[in-house]
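Reader: I have the sequence and the coordinates open, and I would like to know what stands behind the labels people put on a model like this. Could you take me through some of them?

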Amino acid sequence: MRNKKRVWIIGIIVTLAVILIPTIYFLPKENKRSDDPWENLPLHPVHTDHTAIIEDRGPFETGPDVTRVCLECHENSASEMMATAHWTWESKPYDIEGRDEPVTVGKKNQMNNFCIGIQSNWSGCTSCHAGYGWDSADYDFSNEQNVDCLACHDTTGTYVKSTSGLPAEGVDLLDVAKNVGIPSRENCGSCHFKGGGGNAVKHGDLDETLYYPPDRVDVHMGKHDFLCTDCHKTEAHLVSGRSISVSLDTENQIACTDCHSEELHEDERINVHLDSVACQTCHIPEAATRDATKMYWDWSTAGNDSIEESTHEYLKIKGSFVYESDFVPEYRWYNGTADRYLIGDTMNPEEVTSMNLPLGDINDTTARIFPFKVHRGKQPYDTVYNYFLQPKTVGEGGFWTEFDWDLALRLGSEEIDMAYSGEYDFAETEMFWPTTHMVASADQALTCGYCHGDESRMDWEALGYYGDPIDWGGRFSAKR
Amino acid sequence: MMSSKNKSKISRLRFFSLLLAAVFLLIGVSSALAEGGDPPPEEPKTPESSPLHPTFPLLDENGENVLDTGNPVSTMNTCGACHDAEFIETHSYHANAGLDDMVPAGETPTERAWDTSPGFFGTWNPIAYRYLSPAGDERADLTTPEWIMLFGSRHPGGGPAVYSQSGEMLTELAYSANSLESNIVNAETGELEKWDWEKSGVVKMNCFLCHIPEPNNDARKAALTNGDFKWANTATLLGTGIVEEAGDEFTWNEAAFTQEKELVQEFVAIQDPEDPNCGVCHGLVHDNVEDPLVMDGCSPERWTTITTGQIISSQRLSDSGMNLADKETLSRTWDAHAERQLECTDCHYALNNPLYYQEGSATRPEHLIFDPRRLEVGEYLEKPLHQFARGDSAQSMVSPNVKDTMRTCVDCHSTESTHDWLPYKDRHINALSCESCHIPKLYSSANEQYDWTVIDINGNAQTQCRGAEGDPGVNTLLTGYEPVLLPRENADGSTKLVPHNLITTWFWVYGEDERPVPLRDLKLVYLENDSYAPDILAAFDANADGMLDDSELLIDSEEKSALIIKGLEALGLDNPRIAGEIQPYSIHHDVATSEWATNDCQTCHSQNTRLTQEIELSGYSPIGAKADFVPGSNVVFDGEIYENEDGALFYKPAPDKENLYILGADKVNWIDAFGLWAFIGVILGVGLHGGLRIYAHYKNPPHETKTKRVYMYSVYERFWHWLQTAAIVILLITGMIIHNPDSYILFKFSGVVITHNVVATILAVNAAFSLFYHLASGEIKQYIPEPKGFFNQILTQGTYYMKGIFKGEEHPTEKDPEHKLNPLQQVTYDMILNVLLPLQGITGILIWGAQRFPNLTNALGGLPFLAPFHTLIAWLFASFIVMHVYLTTTGHTPLAGIASMIHGWDDVEVHNHDAE
């Protein structure tokens, strides 16, 4: 009997195998779906309810009171946090071509072409510092108690920071501490959406529309309901991501291809673009689609009583502005790194000085064409030493109260030990902000005609091509 | 020579040229008013403007500079100074428009009694209605001058706008009082009156229309309509700054010319024809991705676009400004080629353009793939053929010698790597044009019907539009339409299904030599003082509101018909009657990329197959009228025109008449009915037989038979049997799904087809091995009946099944390893193995071979014969299996036969005579 059963089973298996194996072999191969992007998303474990843990530890008088309690359990958190740019506001030292010594860059020690620099203006700028009490050059960066846990972990939406990064008056620190959680859009957005001092001012691709964005504005945060930290994955308080205003390398950078396959377009013609064109170039067709962002800031007109004030055009303390929304970004070769104007670098007042020129060109195979918001402006420089000057704007003797450039520049220069000749003027600068957030839904991606043909938004010759590569060939083409 | 990149430069150039003109004017004025003044501003530099085309003087008809004479520009003299204008004009079907191919009325392929050429000049356009009257017609509709006035704006000049039908210059034509070339019809009296060709001049071929950006066709049209023929080409330049219009006069703007009286370089904007140039006549071209494209439904000024609804634009549908249904989901572009920056001339190039020309395979020696010998660019520029590469569109009959000269889809696109997913790729590609799947839908609207049996108060036909809902205008919801797929005989000899729009026209004809009733006469019957005549209103105005709406303005009763006939007869028109015709318009543009193309097998391979999807021809038919297809086109109409219960006319294509048998969609009903009854019959038969056996079993318990255990089937025999069983069952099931996919929606059609093919191959290989085994082992003799007493044995066996089995008798044929089959089985298996199986195999291979060796398949009947035949045999196989399985139960126990085929051992009856 056992024999019979074996014959049955073997017979069936062999017969089916003879039929199924060739059939399956010849069945049409479905186009394999590209790697599932969802697999790369971090899981968000349910956050422990801290109400009972914190309840009896309050009330809290100051921010550091809260931090001390946090650190009782989360012993390493402060030291982890203190190793990151959110605390130091400064990069690690880099060796840079043409400079003798390694340099560090960041808000802490360099300039931009918005409010120019935090030095001598600490208390006004550091309300966004993830720490408490930074109001002078002497700030103690080693004091763990000054780490501000709540800025990133508040879930109540009632935690507000004020001058020098201290909690604003009226914040119920106990309530906030009881309700800590993983960082939400609100935590990141309260500083990053307001870069430059107000909603949408600085970036052009980060503003308060991202709290509740439509799919057309941001497909990740809209349609797919992402958190910032879904892409800016965070380990040991080190938030991934790099921006060329702060960083000079690409370590820990985020890329679309971290989740998306490199060859996910059905159309081969599009896939071959990826050697030279960044995803963002086509998938972020316009920047600042909803809220206008600052494109131009001319400090030279500041302090003039005869110009009428208007938040988005002229403020006496700041000068003249131009805001734009829904604009076409500027396109540059970009290999992920940038040059950086450092305090004390001589400049040519006749030329536009780039604060952070993106690096890469048509011959750099690691570079792609990338979209940027370019913020242009005029800011003060020393006409004798030919370098940009750091004005003191906030506080006693600052420009915003005295409207005296000479005084403001003198005070600012003293704070950073720079010689100031007493002669100043204003020179043009530009600063590049990579347009990388607010990825629109795929049905809005650029089609061929936006870059190729008569209506091209690309200046092909400026990018180093002989002409439109649809006719003249791309950079890897034999035609070049 | 110029390429797309220069377009933007040219528009820049235009801006600068206007600026320059303004600056020059300003300088002129200011220097006239006062000496000195500001130094002239720096001349704007536009070095990239039309960089290679030299500047030139504009010459008039006599070869003199227009600045001297103030005369209209002569393109033939101006452009002809360098380019061989005469060659160009005589090698241009655009210009000739059929003039060289004029035939006596009624002898064109269209067989219309009033058509006189295969071209635009002489072929009736039912949408425009007016027609060039054949020579000799007493009641003329359009004479030659009137044709130019009316249709000249759709014609680039030259040909019939310069020469008479006998080949003389129109300006030199001898006057004849009844000639339809030297007279026009007086609008009031209907009488012929002399046309002064000398005064009007003629319309020479207009180079500017295609070779400058933004030619002014409106001004040209105005000049033509006014009969100012000689100024028409000059009018095209209005807006460029070269010429200006003051009052009725054109004056040359001296600021646009140098001291040598040549055009200032900045005004030389000569270019290769760009899409908008072609679009002036050929339909809506929109070459800007950002400005929303706008067109209301069936907009009459878009007279070419609305014949099909094709819109040439690189814009996404969702970004357009049109009121499209489900617009937000339509992320495709209007035209994939426009999206990818192709231009009209990339496919429709001048046939001797050295950049594009490639010798067709018909005349090219086989050893050559590419012939590098070409015209020099200079030679080409002197004599550029203005015969442009074109396809096989049904609506276009002019210049048949250049039909199918353009590169087709597969000349640029490889289907090798891209269509591997498509089973039977070659078969599909041989039967279907690429457009059949890649233009699944037109998203805009198109015309469906023109009813000229009635006219509105502006003298226009009652029209119907497809793909649009609601009243015409910006509120129209554009739902688009799916074109009908019609077999078309292409010039290369292939016949393929191609998407088409069909436009139906109804109109009055009169006379023995049939002619459409001239519009003038229709107006006389219908209208009086710019409104409807009282008797018309009385007959047509059903709701008596003093107006005729769409539901009233149609000939839907004998009374209305009689009234119009009476009116027409009163005008002297003999035997007025309603005719109808249907014109096909081929669709080749608005191609979709793979994502938007048809790629679901069941779109076609199902009962509601797309291939026979009908299209509405007309929402109604005027009473007593029939419409037929215009003869002479290359489209095959073997489908059916039918009327639904609401009176709307439809056309349903019948691709099966084109040797197309669409698996899953086509069936031969009697075969399925016969097969099903055979199958049911066998089941009933064995059911009855089995029932009787059970009954008999209890009534006459069978006598105990002695059995002995015999090793009946070797391992191999059992293996090949069960493999064959599994294969046949799978083949039957998959075959059933392929035959009727609608009932098995769980299965993917293409997967089922592949499974069917693979399993069929396994079956064939298995059969071959098995045959070898039987031959080699000598087992074949099992199947060979012993001739001696064969019929008696069959009879005995048959009688046993009919009688003995019920009585519990022993089997008449002894079963042992050397005699596994009884004679009846031998016959049955021989039939199956020698007849059914080979037939099924051969038909199957031939069906599969429709892809590999279509000629053989077609020679043996083609799919329409082979496929139903294959189905029939499948039914017989299914019936056989039922019978076969049933007969296995007739052993000494019902399951003994099956069991022995599994483990090889059978308990065979030991017959008495053996025991003796």
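Reader: What makes the crossing of helix 23 of chain B with helix 24 of chain B left-handed?

Author: Happy to start there, and please keep in mind that this is a predicted model. A crossing is left-handed when the near helix is turned anticlockwise from the far one by less than a right angle. Helix 23 of chain B passes helix 24 of chain B in just that sense, so the crossing is called left-handed.

Reader: Why are helix 23 of chain B and helix 24 of chain B called roughly antiparallel?

Author: Two packed helices are described by the angle between their axes and by the distance between those axes. For helix 23 (residues 715-739) and helix 24 (residues 749-777) of chain B, the angle is about 155 degrees and the axes are 9 Å apart. Angles over 145 degrees count as roughly antiparallel, and therefore the two helices are given that name.

Reader: Which residues of helix 23 of chain B meet helix 24 of chain B?

Author: Among them are Trp720(B), Leu723(B), Ile730(B) and Leu731(B). The partners in helix 24 of chain B include His756(B), Leu763(B), Phe769(B) and Tyr773(B). By class, this contact has 17 nonpolar, seven polar and no charged residues.

Reader: Which helices of chain B supply at least two residues each to the side that touches chain A?

Author: Helix 23 and helix 24 of chain B do, and so do helix 1 (5-33) and helix 29 (896-903) of chain B. Across the interface, 38 residues of chain B are in contact with 29 residues of chain A. The chain B side divides into 14 nonpolar, 15 polar and nine charged residues.

Reader: Let's turn to a sheet. What makes strand 17 and strand 19 of chain B edge strands?

Author: Each of them pairs on one side only. The open sheet has three strands in the order 17-20-19 (chain B), with antiparallel pairing, and its twist averages 35 degrees from one strand to the next.

Reader: How do you know that strand 20 of chain B pairs with strand 17 of chain B?

Author: Pairing takes at least two bridges between the strands. Strand 17 (residues 615-618) and strand 20 of chain B have three bridges, so they pass that cut-off. One of the partners is easy to find: Glu616(B) bridges to Phe650(B). On the strand 19 (residues 640-643) side, four bridges join the strands. There, Glu640(B) stands opposite Lys652(B), and Glu643(B) is opposite Leu649(B).

Reader: Which residues of strand 20 of chain B lie on the covered face, and which on the uncovered one?

Author: Leu649(B) and Tyr651(B) make up the covered face, while Phe650(B) and Lys652(B) are on the uncovered one. In a regular strand the side chains alternate between the two faces of the sheet.

Reader: And in the hairpin of strand 19 and strand 20 of chain B, which residue takes a positive phi?

Author: That is Gly647(B), with phi near 90 degrees; the hairpin has five residues between its strands.

Reader: Finally, over in chain A, why does Tyr381(A) count as buried?

Author: The cut-off is 20 or more other C-beta atoms within 10 Å. Tyr381(A) has 22 such neighbours, so it counts as buried. This tyrosine is found in strand 8 (residues 368-382) of chain A, and its contacts include Met347(A), Phe388(A) and Tyr424(A). Met347(A) is 34 residues apart from Tyr381(A) along the chain, with 8.9 Å between their C-alpha atoms.

Definitions and conventions: Residues are numbered from 1 along each chain as its sequence is written. Chains are lettered from A and ligands numbered from 1 in the order in which they are written. This is a predicted model: local features need pLDDT of at least 70, side-chain atom pairs count only at pLDDT 80 or more; totals for chains, interfaces and linings use all residues. Axes are lines fitted to C-alpha atoms, for helices over the stretch in contact, and angles run from 0 to 180 degrees between N-to-C directions. Angles under 35 degrees count as roughly parallel, over 145 as roughly antiparallel, 65 to 115 as roughly perpendicular and the rest as oblique. Two residues are in contact if their C-beta atoms, placed from the backbone, lie within 7 Å. Ala, Val, Leu, Ile, Met, Phe, Trp, Tyr, Cys and Pro count as nonpolar, Asp, Glu, Lys and Arg as charged, and the others, Gly among them, as polar. A residue is buried if 20 or more other C-beta atoms lie within 10 Å of its own, exposed if 12 or fewer, and partly exposed in between; C-beta atoms are placed from the backbone. Lists of a residue's contacts leave out its neighbours within four places in sequence.
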